[in-house]
Amino acid sequence: MAGPLPIGDPAPVDGRLPVDLPVDASVPFSAYLHVPFCRVRCGYCDFNTYTSSELRGARQDDYADTLAAEIDLAHRVLGEAGALRPMDTVFFGGGTPTLLPPGDLARMLDAAVSAFGIAQGAEVTVEANPDTVTPAVARTLADAGVTRLSVGMQSAVPHVLAALDRTHQPGNVRTAVDAAKDAGLAVSVDLIYGAPGESLADWEASLDAATVLESDHISAYALIIEDGTKLARQIRRGEVPAPDDDLQADMYELADERLAAAGFDWYEVSNWARTVDQRSRHNLAYWRGSDWWGFGPGAHSHVAGLRWWNVKHPAAYAQRLAASESPAAGTERPDALSHLLERVLLETRLSDGMAIVDLPEANRTRVAGLIADGLVDAGAAISGRIRLTLKGRLLADAVVRELTD
């Protein structure tokens, strides 16, 4: 299960938004639908997910109806605030959304579309474990309005999958990708690098396996050790080695090289797409500060600078909604400094970069030092934007600290 929820102000029981909230109806709106169920908990995972033995009073077969109740609440709350807009993107995340019957996912999507409407050409993504995707599942999702499948490949090497506690068969990645393509869905493949015992040759094999799938999009994330996870405990006890920063840097450089050679362009530090149209529009909505409502236990939302998050456990989430109460556990409005830090953190990770004029005037002079250190592209800076070099992507956190301290 995920770590503790943030500390914030109490959320109103009715979920109502503040009357002074500066809602801008021209800002794109997205929906995140969290499905918190997994067959097995991966040792590195810090997400708010639950195996069947951990549900304690919650039922998977009731979940679609429970989430639809939050959609009804959101429709009322956003309507009262003058913030109702069609959804530009929808994302089913988890957990493993495809553990639910595809008809349940379809009902959840239909409830959201009925409440908010959906923009022409909207992106609708479902995350999937490779072992849960069949041609019938892919067709049902496509018929329901899903446009994109994000397949959790993670690695093509059995001992690396075992180190991550991933239970899928490597060959089923191809089966899932082909099923999605045959159903007319766009496909993204997710990879993780830096697992205990993973060599550069192992990572090279995974990259080669991912690129021959001919997906539209590939994400490659460095393994991060989160407190409270099984993997963190194993490292603390000396049972497995901690990730090696230098090796992870080599792995990132290899990924960028191999993915570029296969026709992918980076558009965010950990994400590559074949074309601009195949970038994850939902994730771009987060990185660009759009509005979204996160539905489900532990989900986070953002509207007009206001943030809130739901209670974590599915049973508590269901109980709140059954009592016609908001499932929100807390809320906050970041101050100007926090907003700046977040904006620099997110926008500088994008290949489009960040406008230099959006920095405080006193901080703009620091860009020259970052150029001299080889972290920021000089040509982009002349055009008024901060765009990270490959070295800068490897040291993105240091760039953010320099621009915001």
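This passage describes strand pairing and a helix packing contact in a predicted model.

Strand E2, residues 87-94, and strand E3, residues 118-128, run parallel and are joined by 5 bridges. Within this pairing, Met87 stands opposite Ile118 in E3. Between the two strands the chain passes through helix H2, which spans residues 102-116. The resulting β-α-β crossover from E2 to E3 is right-handed. Strand E3 also pairs with strand E4, residues 148-154, again in the parallel sense, over 4 bridges. In this second pairing, Val126 stands opposite Leu149 in E4. E3 therefore has parallel pairings with both E2 and E4. In a regular strand, side chains alternate between the two faces of the sheet.

A helix contact was examined next. Two packed helices are described by the angle between their axes and by the distance between those axes. The axes of helix H6, residues 200-211, and helix H8, residues 245-261, come within 10 Å and cross at roughly 25°. Because angles under 35 degrees count as roughly parallel, H6 is roughly parallel to H8. The crossing of H6 and H8 is right-handed.

On the H6 side, the contact is formed by Leu200, Trp203, Glu204, Leu207, Asp208 and Thr211. These residues meet Leu247, Asp250, Met251, Leu254, Ala255, Arg258 and Leu259 in H8. The residues of this contact between H6 and H8 divide into 8 nonpolar, 1 polar and 4 charged.

Key:
Residues are numbered from 1 along each chain as its sequence is written. This is a predicted model: local features need pLDDT of at least 70, side-chain atom pairs count only at pLDDT 80 or more; totals for chains, interfaces and linings use all residues. Side-chain values use heavy atoms; hydrogens and water are left out. Axes are lines fitted to C-alpha atoms, for helices over the stretch in contact, and angles run from 0 to 180 degrees between N-to-C directions. Angles under 35 degrees count as roughly parallel, over 145 as roughly antiparallel, 65 to 115 as roughly perpendicular and the rest as oblique. A crossing is left-handed if the near helix is turned anticlockwise from the far one by less than a right angle, and right-handed if clockwise. Contact means heavy atoms within 4.5 Å. Ala, Val, Leu, Ile, Met, Phe, Trp, Tyr, Cys and Pro count as nonpolar, Asp, Glu, Lys and Arg as charged, and the others, Gly among them, as polar. Two strands pair if DSSP finds at least two bridges between them. A crossover is right-handed if, with the strands pointing away from the viewer, the path from the first strand over the helix to the second runs clockwise.
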